[in-house]
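Reader: I'd like to learn how to read a ligand shell and a set of aromatic rings. Can you walk me through one?

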Amino acid sequence: MLFSPQRIAAACQTAVPGLTIEVVAETGSTNADLLARLDQLAAPLLLIAEQQTAGRGRAGRSWQSARGASLTFSLAWRFRLPLQALAGLPLAVGVALAETLATLQLPVQLKWPNDVLCNGRKLAGVLIETAHDRQSGDRLWAVIGIGINLAADAALTARIEQPVAALSDLLEIDRELLLAALLDRLCLTLQEFEQFGFPAFTQRWNALHLHRGQHIAIVDHGQPVLDGVALGVDDQGRLLVQTASGRSAVVAGDVSLRAVAA
Ligand code: BT5
């Protein structure tokens, strides 16, 4: 059965003027769909797909999902901020996901920049894509795409080259109430981010940091960039790494744990 936008809206407590919720049975990517519709939007829109067939990850990677086993949705949100002010937004969204799950008694951790992991396994991912409104040219939209594994579908996990976690193994969930709770926290987070920027989230992100104090390597588009000890993020959302030659602030790339020599 399809998600009910009415039931999700009824369970939401955050007031967001004009927010609309739409559900589709199947689409390629909810991010791609919203990006294509930004010119027609006047208010935030949440698009939920029961099934996504061409889910996107960061840096050209893909997000795998299976019908009934995944939550895949995107929220289009208009910011009154310049593009460069959104640098820490993906991390703030990771905090929003972790804080929502914490209210459901599920502790998770964040891998820089914004993967949500439970017991070292990836539970959720975030992809934010931005665009200026083509009509006015000055309105900046962010499409915030979130994928969360609901169930550990064997065929699904076989397609993913890293350990995967699923919510149904960890807690009892009503997927519509979960979506409402996520939407509530997400809207509050975006309002807070708009007002205070990433500094409002720095400490909260650092308290959830999976790799704090661990020896990591940073790889960007397949190229090793640096390695050292992960310290945490700064007020711009950059990952601070203590390397042999001093402290570096990383703006892009992926983190992997460095094997410690025996
Ligand atoms: C992400 O990228 O984690 C962002 C995922 C965003 C997905 C949402 S779903 C709704 C919206 N519409 C879209 O088209 N996308 C967004 P990244 O950090 O690049 O991680 C991608 C990597 O995660 C892949 O290369 C796999 O290793 C792994 N992966 C793919 N599917 C997964 C899954 N279902 N569970 C855990 N890991 C997965």
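Author: Sure, let's start with the shell around the ligand, sorted by class: it has seven nonpolar, 15 polar and six charged residues. Keep in mind that this is a predicted model.

Reader: Which of the 28 residues around the ligand come nearest?

Author: Those are Ser29, Arg56, Arg61, Asn149 and Glu161.

Reader: And what about polar contacts? How do I read those?

Author: Look for pairs of N or O atoms within 3.5 Å. Here, a polar backbone atom of Arg56 is 2.7 Å from an oxygen atom of the ligand. Gln64 also uses its backbone: one of its polar atoms there is 2.8 Å from a nitrogen atom of the ligand. With Gln162 it's the side chain, where an N or O atom is 3.0 Å from a ligand oxygen.

Reader: How much of the ligand's accessible area does the protein cover?

Author: On its own the ligand has 790 Å² of accessible area, and the protein covers 97% of that.

Reader: Which elements give two or more residues to the shell?

Author: They are α2 (30-37), β3, β6 (121-132) and β7 (140-149).

Reader: OK, on to the rings. What describes an aromatic pair?

Author: Two things: the distance of the centres and the angle of the planes. This structure holds three aromatic pairs. Take Phe79 and Phe193: their centres are 6.4 Å apart with 80° between the planes, and the pair is edge-to-face.

Reader: Where do Phe79 and Phe193 lie?

Author: Phe79 is in strand β3 (residues 70-79) and Phe193 is in helix α5 (residues 175-196), so their pair ties together parts that are 114 residues apart in sequence. Both Phe79 and Phe193 are buried.

Reader: Now Phe198 and Phe201: why is that pair stacked?

Author: Planes under 30 degrees apart count as stacked. The planes of Phe198 and Phe201 are at 20°, with the ring centres 6.4 Å apart, so this pair makes the cut.

Reader: Are Phe198 and Phe201 buried or exposed?

Author: The cut-off for buried is under 20% relative accessible area. Phe198 has 4% relative accessibility, so it counts as buried. Phe201 is at 0%, so that residue counts as buried too. Put the rings together and you get one aromatic cluster, formed by Phe79, Phe193, Phe198 and Phe201.

Reader: What sits over the ring of Phe3?

Author: That's the charged end of Arg175, 3.8 Å from the centre of the Phe3 ring.

Methods. Residues numbered from 1 in each chain as written. Predicted model: local features only at pLDDT ≥ 70, side-chain atom pairs only at ≥ 80, totals over all residues. Heavy atoms only, no water. Phe/Tyr/Trp six-rings, centres within 6.5 Å; stacked < 30°, edge-to-face > 60°. Helix = DSSP H or I, 4+ residues; strand = E, 2+ residues; numbered from the N terminus. Buried < 20%, exposed > 50% of the residue type's maximum accessible area, 1.4 Å probe, protein only. Lys NZ or Arg CZ within 6 Å of the ring centre and 35° of its normal. Near = heavy atom within 4 Å. Polar contact = N/O pair within 3.5 Å; in protein donor to acceptor, adjacent residues only side chain to side chain. Areas by Shrake-Rupley, 256 points an atom, 1.4 Å probe, with all protein chains shown as cover. Nonpolar A, V, L, I, M, F, W, Y, C, P; charged D, E, K, R; others polar.
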